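Q: Could you take a close look at one part of this structure for me, the aromatic pairs, and then walk me outward from there to the charged side chains? I'd like one connected answer.

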Amino acid sequence: MPKRSRGPRLGFCFILALGCAAGALLAEPHRAGQSPAQADDRRMSYLDNGVIRLGVDLDLGGAITHLSTSKPGDNVVNSFDWGRQIQMSHYSGPVPFTPNGKQPRGDWAGLGWNPIQVGDCFGNRSKIIEHRNDGKSIYVRCIPMQWPLNNEPGECTFECWIELNDNTAKVRSRMVNRRSDKTQYPARGQELPAVYTNGPLWRLMTYAGDKPFTNDTLVQQPAKMPWSNWEATENWAALVNDDGWGLGVWNPGAYSFIGGFAGKLGTGGPKDNPTGYIAPTGNEIIDYNIDEEFEYTLILGRVDEIRQYVYAHAQKPAPPMYRFEKDRRHWSYAEATDAGWPITGELNVKLDGKHPELLGPTAFWSAKEAPVLYIEAACHAAQPHGRVYWRRHDSPAYSSDKSLPLELTSDEKFHVYEVPLGSSAEYRGAITGLRIDPVAAGGAGDFIRIKSVSLRKPER
């Protein structure tokens with residue numbers, strides 16, 4: 001059975017903990033009487049367009065706790081405890097997070113800073129501070145709670161805008177962060193969003209191959225916990241029943257997904273323990289003052305209908321062009337920091353770590369369509385002799401054989417550097433990410449300012 005009140009989410013937390021060198025997380029069996037989400041005194045706000053019905057719980061931060069066909073229809077959202085539902089959940093440092101000396105529950109200490117939309121693991125609810133429902137859309141704003149801590153509101157707000165269209169619900173989510181701790185912590189994995197379904201929806205279907213948007217064969221991920229993780233190259237996954245009907249989650253910007261199933265397959269309702277889980281994910285730096293947004297679509301239907309909806313609405317895949325005009329475009333760093341939020345036209349990165357790295361997001365493009373990498377940058381460095389690395393769909397780890405040299409000019413002026421990726425025999429097939437090591441070794445006062453990183457020639 002799943003671990004205690006937020007246990008099925010343990011798989012994602014476990015991955016996060018390993019990434020932060022925080023060690024494995026432990027969890028207790030669910031404790032009797034500590035599942036407030038099973039109460040029946042909820043204040044709900046609903047939308048119904050005659051095809052599907054969606055409800056948010058105004059006692060639980062406005063999280064989505066109901067999604068079904070209109071009439072009749074069974075709710076597909078699991079609310080066995082406050083760690084499930086369909087909700088926002090963000091992560092940052094430090095690990096552990098101990099504001100003013102307050103200690104987290106030991107089994108969740110490895111999560112660090114983790115505000116979630118519903119409430120905390122001690123049973124304290126998030127607070128709605130604004131709500132609107134005009135019959136066509138819902139807007140909610142709440143003060144989330146730090147999941148691992150007892151009654152510790154987040155120094156941030158969560159907002160959601162929700163609209164229905166036929167058998168889909170489009171959701172825009174935003175976190176407005178205003179932490180008193182102004183440290184820039186390393187990037188952490190984010191759930192974009194966290195989605196939990198009931199026991200009958202146990203088959204986790206997705207596409208993870210190298211021929212996206214061609215109706216290539218789907219795969220079924222294992223029904224297990226800890227969860228599976230994979231590259232969803234069509235940016236969606238679905239939990240469906242034995243007949244192939246269920247809930248799809250499409251996040252156009254997310255290629256990394258995790259998910260699975262915990263409990264007895266095929267049984268249970270919204271207040272029962274068995275549950276399926278899906279989360280599009282991405283590594284993000286969560287600045288103390290950031291406004292962080294993402295969008296996703298929930299799709300009710302057969303798995304082929306879910307896929308065809310994505311095909312009809314997704315943009316045609318193209319090699320990425322990262323222009324750092326207003327944000328980091330999901331780039332992050334190892335052994336480096338930047339000037340912080342807001343981003344205004346460039347990334348200004350301090351290269352004072354021993355081996356600084358600039359890490360691109362998981363993506364997908366064809367090597368033959370993008371043989372040259374263009375980097376518009378200015379730098380000052382004692383050793384401006386770097387390398388560019390790439391990952392392939394069939395070889396996902398960065399390695400020296402999948403790299404080329406990058407020679408920068410340390411004159412603090414902007415130049416467009418062209419890296420002939422296509423000159424390497426290892427640059428082939430489907431490419432899924434980039435890493436830029438600007439210098440051989442960082443030093444005090446070294447920096448790089450980057451306006452763009454592009455697989456398409458920048459317009460002059």
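A: Trp227 and Tyr277 are both buried, and in this predicted model they make a good place to start. Their ring centres lie 5.0 Å apart with the planes at 35°, so this counts as a tilted pair. The cut-offs explain the label: planes under 30 degrees apart would be stacked and those over 60 edge-to-face, so 35° falls into the tilted class. In sequence the partners are 50 residues apart, with Trp227 in the loop between β13 (219-221) and β14 (228-231) and Tyr277 in strand β18 (residues 275-284), so you're looking at a link between distant parts of the chain. The two also have company: Tyr196 joins Trp227 and Tyr277 in one aromatic cluster.

Now step along to Trp230, which sits in strand β14. Its ring pairs with that of Phe257, the centres being 6.1 Å apart and the planes at 35°, so here too the pair is tilted. Phe257 belongs to strand β17 (residues 256-262), so this pair ties together parts that are 27 residues apart in sequence. As for burial, Trp230 has 8% relative accessibility and counts as buried, while Phe257 is buried with a relative accessible area of 1%. The structure as a whole holds 11 aromatic pairs, and these two are among them.

Rings meet charges here as well. Arg172 lies over the face of Trp161, at 3.7 Å from the ring centre. That same arginine, Arg172, is part of a salt-bridge network with Glu159, Arg174 and Glu293. You can find a second case at Tyr389, where the charged end of Arg435 sits over the ring, 4.1 Å from its centre. Arg435 also meets Glu357 in a salt bridge, at 3.6 Å from N to O. That bridge links distant parts of the chain, with Glu357 in strand β24 (residues 357-359) and Arg435 in strand β30 (residues 430-437), 78 residues apart. Both Glu357 and Arg435 are buried.

Across the whole structure, a search finds 26 salt bridges. Another of them joins Asp81 and Arg84, whose closest N and O atoms are 3.3 Å apart. Asp81 and Arg84 are both buried. Then there's Arg43 with Asp59, where the closest N and O atoms are 3.0 Å apart. These two sit in loops, Arg43 between α1 (10-19) and β1 (44-48) and Asp59 between β2 (52-57) and β3 (63-69), and the pair links distant parts of the chain, 16 residues apart. Burial splits this pair: Arg43 has 46% relative accessibility and counts as partly exposed, whereas Asp59, with a relative accessible area of 12%, is buried. The limit for buried is under 20%, so 12% puts Asp59 inside it.

One last stop, away from the charges, is Leu408, in the loop between β28 (403-407) and β29 (415-419). Leu408 counts as buried at 8% relative accessibility. If you leave out residues up to four places away in sequence, Leu408 touches Cys379, Pro384, Tyr417, Pro438 and Ile448. Its C-alpha atom is separated by 8.3 Å from that of Ala378, which is 30 residues away along the chain.

Methods. Residues are numbered from 1 along each chain as its sequence is written. This is a predicted model: local features need pLDDT of at least 70, side-chain atom pairs count only at pLDDT 80 or more; totals for chains, interfaces and linings use all residues. Side-chain values use heavy atoms; hydrogens and water are left out. A salt bridge is a side-chain nitrogen of Lys or Arg within 4 Å of a carboxyl oxygen of Asp or Glu. Helices (H or I, at least four residues) and strands (E, at least two) are DSSP runs, numbered from the N terminus. Buried means under 20% relative accessible area, exposed over 50%, partly exposed in between (1.4 Å probe, protein chains only). Rings of Phe, Tyr and Trp (its six-membered ring) pair if their centres lie within 6.5 Å; planes under 30 degrees apart count as stacked, over 60 as edge-to-face and the rest as tilted. A charge sits over a ring if NZ of Lys or CZ of Arg is within 6 Å of the ring centre and within 35 degrees of the ring normal. Contact means heavy atoms within 4.5 Å.
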